[in-house]
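Trainee: I've got the model open and I'd like a close look at just one part of it. Could you walk me through a single strand and its surroundings?

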Amino acid sequence: MNKLMLSAALLLAAAAGVVHAEKADSTKPTQVTFDQLDADDVKQIKTFTGNVVLTRGTLLMKSPKAVVTEDPEGYQFVVLHSAPGVQATFRQKLDGAGDQWVEGQADRIEYDNKTELVKLYAKAQIKKLEGGKPASQVDGEFISYDSRKEFFAVKNTASGESKPGAGRSTMVIQPSSKLATPPAPTTQPAPGK
């Protein structure tokens with residue numbers, strides 16, 4: 001089972017190609033829109049509720065509730081919480097040639113802007129999009145995505161551990177756009193010639 005999950009992670013990383021999250025995003029300010037805010041300036045914890053949308057450059061995160069903690073160095077740690085029928089989501093442009101994006105959804109998403117690590121817990125899904133079309137997709141109970149190292153890890157429990165018999169994950173890899181182009185039609189001589 002662990003070999004299968006490692007193989008799936010390696011396939012997704014290979015399908016992702018050599019791309020990183022948009023480097024310029026880390027230097028941009030974070031804008032948050034919300035319905036309500038509770039802020040503890042002493043502990044540097046802000047709790048946003050109601051249609052929360054966090055934006056930093058091309059990084060877009062949405063959820064019914066978000067808790068943002070800032071460390072003494074100024075790095076932010078974000079926990080996005082779902083609500084019944086509404087999962088937390090994130091989307092970010094990838095550096096590299098073309099229009100490439102990574103997007104994900106889960107019942108809880110944790111984002112650490114110091115390490116650029118995204119962890120998706122429970123009913124997790126990550127997609128890589130090229131030109132607006134899915135290039136690959138992985139579904140599982142836990143997905144860890146490290147944009148700096150271009151590495152995905154998929155586990156079969158929402159705790160982030162793999163346990164025998166706990167469940168299975170799924171990966172879909174779309175054919176390369178080079179392979180998806182049908183060959184040019186051949187011309188046939190007209191009948192009787």
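Let's take S9: how many residues lie between S8 and S9 in their hairpin, and which residue in the turn has a positive phi?

Mentor: Sure, and keep in mind that this is a predicted model. There are 4 residues between S8 and S9 in that hairpin, and the turn residue with the positive phi is Glu116, at about 55 degrees. S8 covers residues 108–112 and pairs with S9 in the antiparallel sense over 5 bridges. If you want a spot to click on, Arg108 sits opposite Tyr121 of S9.

Now follow S9 itself, which spans residues 117–130 and also runs antiparallel to S7 (residues 100–106), with 6 bridges joining the two. In that pairing, Val102 faces Lys128 of S9.

Then there's S10, residues 133–146, again antiparallel to S9 and joined to it by 12 bridges. S9 and S10 make a hairpin too, with 2 residues between them, and here Gly131 in the turn has the positive phi, about 60 degrees.

Ile126 is a good place to stop along S9. Across the S9–S10 pairing, Ile126 stands opposite Val138. Leaving aside residues up to four places away in sequence, Ile126 touches several residues, including Val102, Gly104, Ser136, Val138, Ile143, Tyr145 and Phe152. Phe90 and Leu120 are also among the contacts of Ile126. Those two come up again in the largest nonpolar core: of its 25 residues, Phe90, Leu120 and Ile126 touch the most other members.

Note on methods:
Residues numbered from 1 in each chain as written. Predicted model: local features only at pLDDT ≥ 70, side-chain atom pairs only at ≥ 80, totals over all residues. Heavy atoms only, no water. Pairing = 2+ DSSP bridges. Core = buried A, V, L, I, M, F, W, Y, C linked by side-chain atoms within 4.5 Å. Buried < 20%, exposed > 50% of the residue type's maximum accessible area, 1.4 Å probe, protein only. Contact = heavy atoms within 4.5 Å.
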